[in-house]
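User: I am new to this structure and would love a close look at one part of it, the pockets and other empty spaces. Could you walk me through them and the packing around them?

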Amino acid sequence: MPILRFAAITVRILLSAILVSSPVTHAQSPPTATLPEKVIIDTDIGDDIDDAFAVALALRSPELQILGITTTFGDTETRAKLLDRFLAEVGRPDIPVAAGVPSPPKGTFTQRRYAESGHFARPSHPDAVAFLLDQIRRNPGQITLISIGPLMNVGAAIDKDLATFRKLKRVILMGGAIRRGYGDLGFGPPTPPQPEWNILNDIPSAQKLFASGVPLFVMPLDATQLKLDEVKRAFLFSQGTPLTDALTLLYHQWGQQTPTLFDPMTIAFLVNPALCPVQPMHIRVDDKGFTRPDPGPPNAPNPPNAQVCLDSNPDAFFRFLLPRLATP
């Protein structure tokens, strides 16, 4: 073979190898991994049943890294024991549980038997406020606090160290009622807004939170009165996983028929914000516990202090929730 022809063939082979290999190399370069969102959940689990569903959804959301769960309101130590058992039964005893300062009970601890039975309780639980502030210091600007109970721990953390509390990435709150009250599902006679439970049970702490300057995302009654009907319950409770079995038992101890899943919307919003679109508002918490929109005068409007979801799609929410909870 002439030398020039051999050289030309060699060049073509080398160019072909480069053209074939180079795009594959670039196309197969791994995508940038998205780190899980660091979260702490502050809950009054054990009275109503929706807190348990919220914690369960967080456990089934790989997008989240649960740094810890803190208990608030009433018998906080028994609430912590309930979480000890729940986390152990679903295979997550590694998640820290901290107990807030107890307060006089105002509701019925319906799931007390679950909390007090078994051998799952840890010897002790750290103080919730100290735990929260310590985690913020370790992870400044990275933690989302999910508040699904009365705001005792939040108010205490603000009082103890506002500068550190302000290093939260954001707070997602189930609380308040802007345009709809209890029982107003958006398709019947309107019910005017009322003081909502989580706000009403610690009004001063709610006022401090809305004035704190921390980015605040609010899931009020307007968007969270989501009914887990009989068909959905039958599907979920028949799955036979450790998680769904624990939810089934807690549901029966709750002792009512159709749960309203207020609290899980906070988790759903964090994972998929399209499930509860928000709009900026300035919210004022008055001395009776009403969460009132307060835009201020036209010539000097109040700046927004919260992003608020005023409506949600129940079908989309349950299509998101049920498959996650049913996942083994």
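Analyst: Here is a tour of the empty spaces, followed by the packing around them. This is a predicted model, in which local features need pLDDT of at least 70, side-chain atom pairs count only at pLDDT 80 or more, and totals for chains, interfaces and linings use all residues. Residues are numbered from 1 along each chain as its sequence is written, and side-chain values use heavy atoms, with hydrogens and water left out.

First, the setting. The protein has 14 helices and ten strands; helices (H or I, at least four residues) and strands (E, at least two) are DSSP runs, numbered from the N terminus. Of its 328 residues, 50% are buried, where buried means under 20% relative accessible area, exposed over 50%, and partly exposed in between (1.4 Å probe, protein chains only).

Now to the spaces themselves. Rolling a probe the size of a water molecule over the atoms shows where empty space is left. On a 1 Å grid over the protein atoms alone, a cavity is a set of points where a 1.4 Å probe fits but cannot get out, while a pocket is an open set with protein on both sides within 12 Å along at least five of seven lines; lining residues have an atom within 4 Å of a point. Grid points are joined across faces, edges and corners, and a volume is the space filled by probe spheres set on the points.

The largest pocket holds about 410 Å³ of space. It is lined by 23 residues, and D47, D48, D50, W197 and F262 are the closest to its centre. Two helices, α2 (50–59) and α8 (197–200), each supply at least two residues of this lining. By class, the lining has eight nonpolar, seven polar and eight charged residues; here Ala, Val, Leu, Ile, Met, Phe, Trp, Tyr, Cys and Pro count as nonpolar, Asp, Glu, Lys and Arg as charged, and the others, Gly among them, as polar.

The second largest pocket has a volume of about 230 Å³. Its lining has 18 residues, of which L185, F187, Q225, L226 and P314 are the closest to the centre. Both α10 (221–224) and α14 (314–326) give two or more residues to it, and α10 gives the most, with four. Seven nonpolar, three polar and eight charged residues make up this lining.

There is also one cavity of 30 Å³ or more, with about 30 Å³ of space. Its lining consists of I40, D42, T70, A128, L132, L145 and N153. Here β1 (37–43) and α5 (128–138) are the elements that give two or more residues.

Next comes the packing. A nonpolar core is a set of buried Ala, Val, Leu, Ile, Met, Phe, Trp, Tyr and Cys residues joined through side-chain atoms within 4.5 Å. The largest such core has 62 residues, among which F53, L59, F86, L247 and L325 touch the most other members. The helix α2 gives the most to this core, with eight residues. Leaving aside neighbours within four places in sequence, L247 is in contact (heavy atoms within 4.5 Å) with A52, F53, A56, F86, F237 and L325. A second, separate core of 34 residues includes L67, I136, I158 and F165.

Finally, look at G46, in the loop between β1 and α2. G46 counts as buried because its relative accessibility is 0%. Not counting residues up to four places away in sequence, G46 touches R79, L82, T108, F109, T110 and Q111. The C-alpha atoms of G46 and R79 are separated by 6.2 Å, although these residues are 33 apart along the chain.
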